[in-house]
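Here are a few exercises to work through with the model open beside you. Try each task before reading its solution.

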Amino acid sequence: MQKETYTISVYSENNLGLLNRISTIFLKRHINIESLTVSNTEIENVSRFIIVVNMTEENVKKILGQIEKQIEVIKAYYHTNDESIYIQSALFKIKSNLLFDERQIQNIIKNSNAQIVTVSPEFFVIEKSGRKEEIEILYNKLLPFGIMQFVRSGRISVTKDEMKISEILKKQLN
Amino acid sequence: METVTKQNQKVNTTKKIKISGAEAVVKSLLAEGADLIYGYPGGAIMPVYDEFYKYQNELHHVLTRHEQGAIHAAQGFARVTGKVGVAIATSGPGATNLITGVADAQIDSTPLVCITGQVGSHLLGSDAFQETDIISISTPVTKWNYQITKASEIPEILAKAFYIAKSGRPGPVLIDITKDAQFGELDFTYKKCKKIRSYTPVPQINLSKIEEAAELINNAKKPFVVFGQGVTLGEAEEEFKAFIEKAEIPSASTLLGLSALPSEHNLHVGMVGMHGHYAPNVLTNSCDVLIAIGMRFDDRVTGNLETYAKQAKIIHFEIDPAEVDKNVKTDVAVLGNVKDTLSGIIPFLKENRHESWLQEFKKLYQIEYKEVIDGQLNASHEGITMAEVIETLNDKTNGEAVIVSDVGQHQMIASRFANFKLPKSKITSGGLGTMGFALPASIGAKMGAPNREVVAIIGDGSMQMNIQELGTILQTKVPVKIIILNNEFLGMVRQWQELFFDKRYASTVMTNPDFIKIAEGYGIKATRVSKRENLSSAIEDMIASKESYLLDVNVEKEGNVFPMIPTGATVSDVRLK
């Protein structure tokens, strides 16, 4: 079976220790997590983990079974890239003088739909949101000018399908 | 959970009383009916032990000689009673010493609540004396764990712990309680936990799956059942028997399934797996429908997955959805507690007979008997065989004893030869294969089932892994019987060295102490037997004893366990020699 990129969404109680519990499921099976983001959701006290992995569908199903087995996990889903809307964010810190000395930089920023977040006498910071590949293109364009710092966030995504977590929670309590 | 509790508090009209967190631990245990617990005191758990002292007429605490002994005793208690076992220890080394037992209980689905003391919450993360991050350490081997830092959390969290440990597929829960939470005060009210909003212990039964499974079984010419501990944990022994009898299906047990069906039942065709019986292993690859009930297709059962029952349709009766398709792809998964799903399927089953198919098992059993069993039971050479010991024990206990075995050759022989008439009669460390399990587990088993004869079958190697628990027997006077099958080798490893490593016996030769003297030092009666003609009377004396008794049986030194499926081989290629 072919390996593919899957986005695993885990809806859970907002509890200390659950991140550890979920990450050990991957560690135990020697699976590398490509990115991991945890945030709150539209439902009070419910957190959402967004985990990006590259693996076969058969194995992603098994992993999902292990995740859903955890007491504080409400529901877990997996989606292919086509089934979700997803982005990542990146910050680039660059020396301020380049902004004036190297006019191309301004064009690069404009053409890549990036934004300047802050400018100081020493440095300025560019923010770029989008798919990983778009961020990589921008990175490669800026690289020759010198990047002081670069950081990229994990993936955040929403699914095209409805998730029905509130319904699940309601059903469980009745 | 939070919402549930809030609702509960509204309906709870019990008058509130202010007590310490430590006392709340004791009162919570009593509220759960856990009045027999195993443990070892230490600094960070002392407030709770102080309450044990005050409540000693209501709650019986058994002081073991090591925390590992405490948790295995709790496991033995849980396995023989079906109740939640409780083990308690202090922080740091006390807590880490529990871990082997926690991992064992996790892989063998044993309901446990483990309570550990922890340094004061203001010291967390400061590398304080006997501080260890037991929550992180225990996470991968617990069904659930939680660190309590406030006294007020104690009743709610312990209620949750007992509920999680026992419900659905059981497992161990570890609750770590900081010392300040034990000293702190709370208004105590206890409400049992019945629901957690993020947790579905038993999946909903799907009737169409039951019908699909019934149709496959009704049309099968060569149906074959492999049953595991799920039958025991679900207390579904009667439903299971009715199920296999109605459709006349030959049924084989996994290691942990043993005693869920009486050994002498005419449809019981033995044990599957690496050292299981010949017929069920061979015929796994001949059946047309394989019905797995409360088992998880462990690699010791399946051998090579690429060649495991490929010809058969697979039906899996299972409580844990994560087990479905994990190792073996199923055609029909019947989710739910096997007690409900089996009683649900019976009305859909046709009464059926499979006489010639059953004969195939009997024929292969005759081959195994001639090639393996006969030589072990009716040996004429010098040196008692392990099989003779188990056979004599069957005879002297009328097959009604609880057999607690450790890990190794003696475990496999005990599993192959013991005759089980009653449920919950076989307690052993299956998934984890924990040497040192049996002696403490037998203590817990005997305390859980005081009216049953409990016999620990232990190898000379395993005996020395938790031998200190003889001290627990001395102090509690628990009348467990101990048989050491002593071949002065780490027998199973030696067997592999003989078969696969050209007899290079690396570190498997044991120079043993005098077990009789050791037992006597602990005030336990003990005898040694090394001649066949004395075996019967020696076992008789042991069984007749009203007190604990140790029998050191010197067995043949280089006996091997057969049949055997070498690691990674196909089940039907099981070797008879």
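**Exercise 1.** Find which residue is the bridge partner of Phe227(B) in S10(B), then place the pair in its sheet.

*Solution.* Step 1: the partner of Phe227(B) is Ser253(B). Step 2: their strands, S9 (residues 223–227) and S10 (residues 251–253) of chain B, run parallel and are joined by three bridges. Strands here are DSSP E runs of at least two residues, helices are H or I runs of at least four, and both are numbered from the N terminus; two strands pair if DSSP finds at least two bridges between them. Step 3: the open sheet around them has six strands with parallel pairing, ordered S11-S10-S9-S12-S13-S14 in chain B. Its edge strands, each pairing on one side only, are S11 (268–271) and S14 (332–335) of chain B. Neighbouring strands of this sheet are turned by 20 degrees against each other on average, direction ignored.

A word on conventions: residues are numbered from 1 along each chain as its sequence is written, while chains are lettered from A and ligands numbered from 1 in the order in which they are written. The model is predicted, so local features need pLDDT of at least 70, side-chain atom pairs count only at pLDDT 80 or more, and totals for chains, interfaces and linings use all residues.

**Exercise 2.** Work out the strand order of the sheet that holds S16 and S19 of chain B, and find what lies across S18, S19 and S20 of chain B.

*Solution.* Step 1: the order is S16-S15-S17-S18-S20-S19 in chain B, an open sheet of six strands with parallel pairing. Step 2: S16 (426–428) and S19 (525–529) of chain B form the edges, each pairing on one side only. Step 3: inside the sheet, six bridges join the parallel strands S18 (residues 481–486) and S20 (residues 549–554) of chain B, and Leu485(B) stands opposite Val553(B). Step 4: helix H24 (residues 532–544) of chain B lies across S18, S19 and S20 of chain B, at about 170 degrees to S19(B). Such angles run from 0 to 180 degrees between N-to-C directions, with axes fitted to C-alpha atoms, for helices over the stretch in contact.

**Exercise 3.** Are Glu235(B) and Asp502(B) exposed or partly exposed?

*Solution.* Step 1: recall the cut-offs (buried at 20 or more other C-beta atoms within 10 Å, exposed at 12 or fewer, partly exposed in between, with C-beta atoms placed from the backbone). Step 2: Glu235(B) has 15 such neighbours, so it counts as partly exposed; it sits in the loop between H11 (229–233) and H12 (237–247) of chain B. Step 3: Asp502(B) has 7, so it is exposed, and its loop runs between H22 (491–500) and H23 (515–521) of chain B. Step 4: check the backbone too: phi is near 50 degrees, positive in a non-glycine residue, for Glu235(B) and for Asp502(B).

**Exercise 4.** Find where pLDDT stays under 50 in chain B.

*Solution.* Step 1: start with the average: chain B has a mean pLDDT (the predictor's confidence in each residue, from 0 to 100) of 96, with 97% of its residues at 70 or more. Step 2: residues 1–13 of chain B stay under 50, and the model has 11 contacts for them beyond four places in sequence. A contact means C-beta atoms, placed from the backbone, within 7 Å. Step 3: where pLDDT is low, the predicted coordinates should not be read in detail.

Definitions and conventions: Two residues are in contact if their C-beta atoms, placed from the backbone, lie within 7 Å.
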